[in-house]
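Reader: I've got a structure open and I'd like to learn to read it feature by feature. Could you walk me through it?

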Amino acid sequence: MQYDHILIRYGEMALKGKNIRSFIQALQENLQVKLKDFQNAKVKRTQGRMFVLLNGHEPEPIIEICRKVFGIHSLSLAFKVENDIEKIKEATLEALKKANARTFKVAAKRVDKNFPYGSQEMNQILGEHLLVNTEDYTVDVHEPDVEIKVEVRLEATYITSENISGAGGLPVGTAGKSLLLLSGGIDSPVAGYLAMKRGVQLEAIHFHSPPYTSERARQKVLDLTKKLVGYGKSIKVHIVPFTKLQQEIFREIPDSYAMTSMRRMMFKIAEAVCKQENILSLTTGENLGQVASQTMESMHTINEVTNYPVIRPLVAMDKAEVVDISKEIDTYDISILPYEDCCTIFVPKSPKTKPRRDKINAMEARHDFRPSIEEAIAGIETIHVTAKSKETEFEDLL
Amino acid sequence: MIYLDNSATTIPDPSVIESFQKTTEKFFANPSSIHQLGGATEKLLHAAKQQAASLLQVEPNEIIFTSGGTEGNNIAIKGIALEHQNRGKHIITTATEHPSVDEACHSLESLGFEVTVLPVDEEGRVHVNDVKEAIRNDTILVSVMHVNNELGTIQPIEEIGKLLSNYPKLYFHVDAVQSLGKVPLDIQRSRIDLCSFSGHKIHGLKGTGILYVNKQTSLFPLFHGGGQENGLRSGTENVAGAVSMGRALRLIKEKQQNETSHLQLMHDFLWEKLENMDGVQINSPKNGAPHILNLSVPRIKPEVMIHMLGKKGIYISTKSACSSKEKDESKVLAACGLPREIAVSGLRISLSYNNTQEEMERFVVSLEEAIHEFKEVLR
């Protein structure tokens, strides 16, 4: 007997009042997209529940994918059987055998009141059936290794055992779009992940400065994006040719303010991309107090150039917490690859940790940066990173 | 030529050779070099790793490119032993392993390790219960092959893995050199920590292979140096070898998906014919791998048989090629409890997807003729 269902439980979405319909709809669509490769698998909704019907597919790979879909609180493998006590017995026994457990508890719930056995009665019948037909298992009603839930509903009976925790959060896409400033370091992918967890659909922007930054740094950003795609839908990455503008900044602006100015230019370009793409906010990996550009004064000065909301999911986190998440989402190993990026080259010897708006405005007013900014925007290359986007470059060799 | 010694090595696929040659010519740079050529080469190496990982359903950072099965087995076994010896010095393996597992395990005895060699039944199969009983507090590694190279016996890897999941500190190594592309193996479900594969057994090139190392498994490296391959195998990467391995793996996996029944049909045909052939005894289990068939023709020296068939352009082998330099009986057949007369006369037929039904028919006729000639002489 094979598991034929995965039962999906929504987390905080259940609290969303009238909007709940659109959230559930989004979750169902996101799951369908993710499971496209499993041709027979179907995502179904019945009476306030969501199921993945396996239709013969192995459950493990599907569970692995579901665990990365935001909006799912937990999931369980389930048998669906007719409302027939013998069939229920058989499936319950199978569920126990498949669980990695020594002690168990049966929790039956009768929703279909026409079913001849009450919940308590079911617990006894099924518990006894399990004990008689197995060895080495014992009942533990307080702290069982596994709780086997039997739910007799109108249409069928569902038998589930383990609860597998999901990714939590809200379905990607339900909270609108944001543009992530993606450098290649540890922080920005984590910021993107956390935004996605709150239902945000991302696009990403990366500033590329060849020959100061290499092809590898660019690839790194695409690889990081691909990891994020694992948690949502495909992501557009806008690669900005930044060399000329960056050189200009470092030529025209005094060393101590160059970094601040560079960040301001990045925000300006990012805002322009937002306008083009109908995106309503920026997301960054900034964190208070980490480095010179991330002091309160710095944020104040840099933020002056845009009135778009800037989402900073990491602002109050410790570095160690950020690193933990990056390891969990598998971006850490890519992030620490030692390639130069736009923030690590041209590092001034003593960047201003307390830059001021009046000063930088005066400095930037001495030179017209607009042509180079516009040139950078015009030269943007946009790449769609999808779960499928496989390298075709080496097809003749592999 | 009828080549039926595919478990010793296979005929390299022309497209694999082509991929090796093209890569050697075009991507000669050191992948660690910072310049563009190095970057492109590194990217290619990474693509090869990614492809191998997705075909084996593991993650790219769990793939270590090696020079083949023997190296993979040695990195795995000695690497675990040296890294985790403070936890215990007991290793469990079986009586029918390839010498590269067997010898690697026994070499550790001189460093104070103890090796338990599990018996097998008459079909060469190890029993999960024996594994269970052999596990001690100081056991750090269990090494069991997936498909036996001489008999084709399939070991109950998934069951052993299930048992071992009750011992989270114990590492599980599987030598899957003979099964790759022929007998399915689910690395995740079988809870395997280390798994060795070889390129030249799947129409790839000698000197290529893969060791799967679960990302939570730490090993003491046998080669120290520049830290290539996650620090487990320092030395400039054999990019062309890795790429050719990636292609060979893709090709064999495609065949496994579409042509398994072809192998099985040839196997079943041989079985039926040999079973009814006078003077022939089949040593392989009936439910073994579809590409290996071991038989004995008692009273006829196997070498003589090999040469006779060789004259007709048919190539088969005695016991495993790696052990055939030692004389005498097959260790594997002896471990199955077969009488000496059988154990010294084992012949192995090993198939590939490229063999044809017509070749099977010709082989059967030639074998029958050869036996007949001998009988005349011996009478």
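Author: Sure, let's start with burial: a residue counts as buried under 20% relative accessible area, exposed over 50%, and partly exposed in between, using a 1.4 Å probe and protein chains only. By that yardstick, 52% of the 398 residues of chain A are buried. For chain B, buried residues make up 58% of 379.

Reader: What should I know about the model and its numbering?

Author: This is a predicted model, where local features need pLDDT of at least 70 and side-chain atom pairs count only at pLDDT 80 or more, while totals for chains, interfaces and linings use all residues. Residues are numbered from 1 along each chain as its sequence is written, chains are lettered from A and ligands numbered from 1 in the order in which they are written, and side-chain values use heavy atoms, with hydrogens and water left out.

Reader: How many helices and strands are there in chain A, and how many in chain B?

Author: Helices here are DSSP runs of H or I with at least four residues, strands are runs of E with at least two, and both are numbered from the N terminus. Chain A has 13 helices and 15 strands. In chain B you'll find 11 helices and 12 strands. The radius of gyration of chain B, taken over C-alpha atoms, is 21 Å, close to the 21 Å from the globule rule (2.2 Å times the number of residues to the power 0.38), so chain B is as compact as a globular protein of that length.

Reader: What do the C-alpha traces span along their principal axes?

Author: For chain A it's about 85 × 50 × 40 Å, and for chain B about 70 × 50 × 35 Å. A pair to look up in chain A is Arg370(A) and Glu121(A): their C-alpha atoms are separated by 78 Å, with these positions 249 residues apart along the chain. Arg370(A) is in helix 13 and is exposed, at 57% relative accessible area.

Reader: How do I read contacts along the sequence?

Author: Contact means heavy atoms within 4.5 Å. Take the contacts between residues at least 6 apart in sequence: in chain A, 78% of them join residues at least 24 apart. The corresponding value in chain B is 71%.

Reader: Which residues of helix 7 of chain A are buried, and what covers them?

Author: A general idea helps here: an α-helix has 3.6 residues a turn, so residues three or four places apart point the same way. In helix 7 (residues 243–252), the buried ones are Thr243(A), Leu245(A), Gln246(A), Glu248(A) and Ile249(A). Their cover includes strand 11 (201–208), strand 12 (235–241), helix 8 and helix 13 (370–378) of chain A.

Reader: Could you show me a residue in helix 8?

Author: Try Ser261(A), which lies in that helix (residues 255–277). Ser261(A) is buried, with a relative accessible area of 0%. Leaving out residues up to four places away in sequence, Ser261(A) touches Ile249(A), Ile253(A), Ile360(A) and Glu364(A).

Reader: What about backbone oddities in the loops?

Author: Check phi and omega. Asn55(A) has a positive phi, near 45°, and is not a glycine. Asn55(A) sits in the loop between strand 3 (49–53) and helix 2 (59–66), and is partly exposed at 44%. Asp136(A), also not a glycine, has a positive phi of about 70°. That residue is in the loop between helix 4 (119–133) and strand 6 (138–139), and is exposed at 64%. For omega, look at the peptide bond from Pro210(A) to Pro211(A): it's cis, with omega near 5°. Pro211(A) belongs to the loop between strand 11 and helix 6 (215–229).

Reader: And how do I size up the interface?

Author: The size of an interface is often given as the accessible area lost when the parts come together. Here buried area is the accessible area (1.4 Å probe) that two parts lose on being put together, summed over both. Between chain B and chain A that's about 1,500 Å², with carbon and sulfur atoms giving 44%. Lys43(B), Arg189(B) and Arg247(B) supply 31% of the area that chain B buries against chain A, more than any other three residues. The contact takes 26 residues from chain B and 15 from chain A.
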